[in-house]
Amino acid sequence: MTIESLPGSSGYLEIGNRKVTYFSNLYVVGLTVIAGIGGLLFGYDTGVISGALLYIRDEFEQVDQSSFLQETIVSMALFGAMIGAAAGGWINDAYGRKKATLSADVVFALGSIVMALAPDAYVLILGRLLVGLGVGVASVTAPLYIAEASPSEIRGGLVSTNVLMITGGQFLSYLVNLAFTEVPGTWRWMLGVSGVPAVIQFGLMLFLPESPRWLYLKKDKSNAIVVLSKIYDPHRLEEEIDQLATALEEETCKRNAVRYWDVFKSKEMRLAFLAGAGLQAFQQITGINTVMYYSPTIVQMAGFHSNQLALLLSLIVAAMNVIGTIVGIYLIDHVGRRKLALSSLLGVILSLILLAAAFFLQTYSHLNGLYGWLAVLGLVLYIAFFAPGMGPVPWTVNSEIYPESYRGVCGGMSATVNWISNLIVAQSFLSIAGALGTGPTFLILAGLAVVALVFVIVFVPETKGLTFEEVERIWKERAWGSSNSRGALLEAGNQS
């Protein structure tokens with residue numbers, strides 16, 4: 001697969017004299033896939049609990065009788081991820097992307113063992129916390145590592161590969177859920193298997209290099225150049241080294257270590273963080289993980305009471321998530337981040353209204369079967385619109401909008417916002433749906449999606465095809481309005 005700059009072109013992305021295709025450098029593809037296993041862990045963990053919860057409820061009566069306990073089993077991993085993401089920014093800056101990934105794998109594998117052996121709901125919650133810590137660190141690290149090892153022309157698509165791994169992990173989790181439905185200890189196998197990808201990534205990651213940008217800016221120039229030489233041809237290598245040298249000079253003039261509160265002292269950094277963290281928050285509060293965590297439960301709410309049928313119909317939702325993400329990888333460097341997010345949100349709003357209508361009609365009609373299928377259609381359309389845009393765009397934008405010295409800290413902070421928002425939605429969905437009804441709950445999510453649409457229009461710039469340095473200049477010019485070059489940069493990105 002290649003990305004073409006214009007219909008009928010030769011299959012290259014062209015910016016100036018640069019010509020790059022996704023698979024023109026298999027070394028970069030290898031780095032992307034191995035780092036993206038962190039996304040697979042992320043996706044598997046978020047998807048597997050939706051099916052496992054049906055069988056956990058069957059085994060533990062106290063869980064079956066308590067919506068709060070069900071929400072806690074789901075959301076404890078999100079609480080751990082929130083902590084892991086917050087710490088992950090610091091770990092990435094202090095110890096590098098590679099060590100951060102290895103530490104995440106160890107914690108995740110340990111958590112999967114605890115879950116599989118849990119004698120009661122409370123030990124299970126502890127295992128979910130440990131898994132969440134690993135997922136949180138990985139959610140910060142994988143996009144950073146991929147972005148810093150990617151040519152700017154195809155950075156969006158390569159970072160979106162991590163999102164494909166997330167959705168692939170979710171789809172895999174539904175397949176595993178179906179595979180173990182008739183096996184004794186059903187949910188234990190579902191949760192325990194999640195440790196396998198972590199072990200595989202740990203082994204492979206030992207043979208990968210550190211991020212070249214991190215190495216260079218930590219003044220390990222020789223190793224950085226060795227890695228860069230495997231990514232770029234000689235002419236482009238010189239250009240990249242010059243850009244890193246300039247970045248290093250700028251960072252040397254600044255403070256040695258960036259602290260969390262430093263982000264809010266600079267106007268341009270406040271604007272960048274607002275855009276990045278806002279996208280992460282709206283990715284969650286528009287309902288994606290309500291669908292992914294609770295889709296079998298939602299299907300059962302729609303009238304399909306069999307566990308196996310609920311999982312099978314949810315598998316269709318997960319498959320659409322994967323397909324939509326593949327479409328997003330193609331479009332993100334074609335259409336751009338901003339336009340993709342806006343079109344995605346428009347579709348999300350319409351599909352959430354359809355979902356709400358299906359549950360309203362089901363309440364006041366005897367045609368429950370018909371409206372049950374309408375609800376399933378709403379779920380599938382929701383994913384079809386969400387996956388290409390609001391799935392990859394927040395992670396891609398956050399991997400490229402911050403200066404090097406702030407990238408780990410801001411990436412960690414924005415990922416923490418994502419996980420906090422995720423936690424709030426996961427911990428409250430069943431309770432709100434029980435109090436207000438499922439239809440009104442989806443209508444609330446549609447209203448939040450409208451707010452998200454306005455936010456993207458006002459605060460998120462286009463960054464397609466721009467270098468890290470060019471993106472940094474956008475924020476300086478947005479903050480101080482002292483240059484006319486921003487329009488030229490955005491135009492260059494839109495024409496790429």
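Helix α15 is the home of L345, a convenient place to begin a tour of this predicted model. With a relative accessibility of 0%, L345 is buried, because residues under 20% fall into that class. Leaving out residues up to four places away in sequence, the side of the chain that L345 meets is made up of T286, M390, A449, A452, L453 and V456. A pairing that is distant in sequence also involves this leucine: L345 and A446 are 101 residues apart along the chain, yet their C-alpha atoms are separated by 9.5 Å.

The helix that holds L345 also has a leading part in the interior. The largest nonpolar core has 60 residues, and the members that touch the most others are L352, Y382, F442 and V456. Helix α15, which spans residues 337-363, supplies the largest share of this core, with 11 residues. V456, one of those four members, is also among the contacts of L345. For F442, the contacts beyond four places in sequence are I298, L352, L355, A356, F359 and F429; L352 thus appears both in this list and among the members with the most core contacts. A further core of 44 residues lies apart from the one just described, and its members include A52, M115, V135 and L311.

Attention now turns to a polar residue. S139 sits in helix α5, which covers residues 121-148. Is S139 buried or exposed? At 4% relative accessibility, this serine counts as buried, since the limit is 20%. A polar atom of its side chain lies 2.7 Å from the backbone oxygen of G136. Once neighbours within four places in sequence are set aside, S139 is in contact with F42, A85, W395, A415 and W419.

The surface offers a counterpart to these interior sites. L274, V450, V454, I457, V458 and F459 together make a nonpolar surface patch of about 470 Å². Which helix gives the most to the nonpolar patch? That is helix α19, residues 438-459, with 5 residues. V454, a member of the patch, lies in this helix. Its relative accessible area is 46%, so V454 is partly exposed, a class that runs between 20% and 50%.

Conventions: Residues numbered from 1 in each chain as written. Predicted model: local features only at pLDDT ≥ 70, side-chain atom pairs only at ≥ 80, totals over all residues. Heavy atoms only, no water. Core = buried A, V, L, I, M, F, W, Y, C linked by side-chain atoms within 4.5 Å. Buried < 20%, exposed > 50% of the residue type's maximum accessible area, 1.4 Å probe, protein only. Helix = DSSP H or I, 4+ residues; strand = E, 2+ residues; numbered from the N terminus. Contact = heavy atoms within 4.5 Å. Polar contact = N/O pair within 3.5 Å; in protein donor to acceptor, adjacent residues only side chain to side chain. Patch = residues over 30% accessible without salt bridge, like charges linked within 9 Å, V, L, I, M, F, W, Y side chains within 5 Å. Areas by Shrake-Rupley, 256 points an atom, 1.4 Å probe, with all protein chains shown as cover. Salt bridge = Lys/Arg side-chain N within 4 Å of Asp/Glu carboxyl O.
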